[in-house]
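Student: Before I rely on any of the terms used for this protein, could we go through how each one is justified?

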Amino acid sequence: MVKNKKIYLASPQMLGREREYVKEAFDSNWVAPLGPFVDKLEEDFEKYMPVKNAVALSAGTAALHLAIKLAGVKPGDKVFCSSLTFSASANPIVYEGGVPVFIDSEPTTYNMSSVALEKAFEKYPLPKAVIIVSLYGMPADFDKLLPICEKHGVTVIEDAAESLGATYKGKHVGTFGKYNIISFNGNKIITTSGGGMLLTEDTKAAERALKWATQSREPARHYQHEEIGYNYRMSNVCAAIGCGQFENLDDKVRMKREIFERYVDGFRDIDEIEMITEPEGMESTHWLSIMKISEFSKVRPLDIMTTLEAENIESRPIWKPMHLQPVFAECEFFAHDDKRPVSEELFENGVCLPSDTNMTVEDQERVIEIIKGLFK
Ligand SMILES: Cc1ncc(COP(=O)(O)O)c(C=O)c1O
């Protein structure tokens with residue numbers, strides 16, 4: 001049986017000089033976890049965000065781990081973290097012996113609820129850090145969240161892995177925390193195949209992170225180590241891909257937003273489908289287009305996912321909240337209100353739709369028609 005053309009959720013797309021830059025890395029023999037493209041990618045981000053220091057690393061998870069260390073998390077310390085996220089947001093807390101405390105979402109952006117955050121602070125006034133995640137390209141509501149953290153004098157770490165290019169009141173997501181991270185994993189808006197970046201205004205912190213990321217070598221001729229180190233630096237070959245990708249970031253944001261708008265248009269007449277709306281002042285990249293189905297609809301997310309799958313089209317559930325994950329079963333959770341937690345409701349009723357910038361308009365129309373067919 002000939003299968004229909006595969007449509008991906010989000011796959012890499014090379015639009016510019018990636019191949020040329022990788023060739024340059026090879027031709028100059030800079031095939032190492034340092035080199036001119038690593039430096040260039042960091043400079044590109046320092047200008048773009050803008051931020052004083054960007055440190056290119058092997059993964060967004062590595063960047064988060066170093067952010068957790070910079071925040072001074074020690075065994076037994078509590079760290080508040082969005083519950084609706086990928087496990088990589090929370091795992092690095094545990095690498096350092098910290099104890100995650102999960103915070104529910106609010107229903108507008110699906111990101112951390114300031115109401116739930118306040119409740120967590122009432123019980124634990126002194127966590128070591130708060131990890132605020134901006135999911136699926138949508139900024140968290142920083143004007144509500146940051147003053148609460150400031151009031152308690154707690155370090156904010158921003159996990160902007162999924163939201164590079166998004167803005168909140170004109171300022172880039174990934175610049176709101178003391179330490180911020182983005183991911184260049186293969187499915188992200190721009191990729192280095194695998195990689196990440198730590199962003200901070202604090203130059204001393206960036207220097208410490210860079211040292212940790214390169215095996216904590218002290219500045220001596222011989223190999224001198226006074227701290228535990230990691231092998232977390234980005235390869236110059238990966239950075240070459242990243243430099244090519246970076247040149248087309250704005251185009252990618254535009255394409256992702258157009259994909260989202262086509263879904264909004266396509267599902268306009270179906271009352272049971274709700275597409276996330278951008279609150280005033282926020283500009284989402286819609287890295288993934290998210291649909292929420294009414295809990296009263298006979299069509300369930302699984303019906304959509306399996307029907308698309310049969311047509312060779314990828315889709316995926318919304319993240320399963322961390323407080324429902326067996327690995328974090330012992331961790332505390334603070335809900336948005338007395339009703340069903342918002343994050344649980346989103347997990348149950350949401351679907352991530354194909355949001356691949358390689359997808360043609362015709363491909364997307366096929367996706368829309370298949371989904372509309374289920375609601376007839
Ligand atoms: C919210 C979130 N945080 C962290 C990460 C980790 O990034 P990486 O895969 O680059 O380690 C990801 C994605 O992969 C993510 O989606």
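Tutor: Let us begin with contact, which means heavy atoms within 4.5 Å. Please keep in mind that this is a predicted model.

Student: How do you know that domain 1 and domain 2 are in contact, and how many residues does each contribute?

Tutor: The domain assignment of the chain gives domain 1 as 18-246 and domain 2 as 250-374, and with the cut-off of 4.5 Å, 47 residues of domain 1 are in contact with 40 residues of domain 2. The C-alpha centres of the two domains lie 25 Å apart, while the area that domain 1 and domain 2 bury between them is about 3,700 Å², with 64% of it on carbon and sulfur atoms.

Student: What makes the largest nonpolar core a nonpolar core?

Tutor: The term requires buried residues of the listed kinds, such as Leu, Ile, Met and Phe, joined through side-chain atoms within 4.5 Å. The largest such set has 128 residues, and those with the most contacts inside it include Phe45, Leu117, Phe267, Met291 and Ile371. This core draws at least three residues from each of domain 1 and domain 2.

Student: Which residues does Ile371 touch?

Tutor: Leaving aside residues up to four places away in sequence, Ile371 touches Phe267, Ile273, Met291, Ile304, Leu308 and Leu353.

Student: Why are the pairs between the ligand and Thr61, Asp159 and Ser183 called polar contacts?

Tutor: A polar contact is a pair of N or O atoms within 3.5 Å. An oxygen atom of the ligand is 2.4 Å from an N or O atom in the side chain of Thr61, a nitrogen atom of the ligand is 2.7 Å from one in the side chain of Asp159, and a polar side-chain atom of Ser183 lies 2.7 Å from a ligand oxygen atom; the three pairs therefore meet the cut-off of 3.5 Å. Taken alone the ligand exposes 380 Å², of which the protein buries 93%.

Definitions and conventions
Residues numbered from 1 in each chain as written. Predicted model: local features only at pLDDT ≥ 70, side-chain atom pairs only at ≥ 80, totals over all residues. Heavy atoms only, no water. Buried < 20%, exposed > 50% of the residue type's maximum accessible area, 1.4 Å probe, protein only. Domains from an automatic or database assignment. Polar contact = N/O pair within 3.5 Å; in protein donor to acceptor, adjacent residues only side chain to side chain. Areas by Shrake-Rupley, 256 points an atom, 1.4 Å probe, with all protein chains shown as cover. Buried area = accessible area lost by both parts, 1.4 Å probe.
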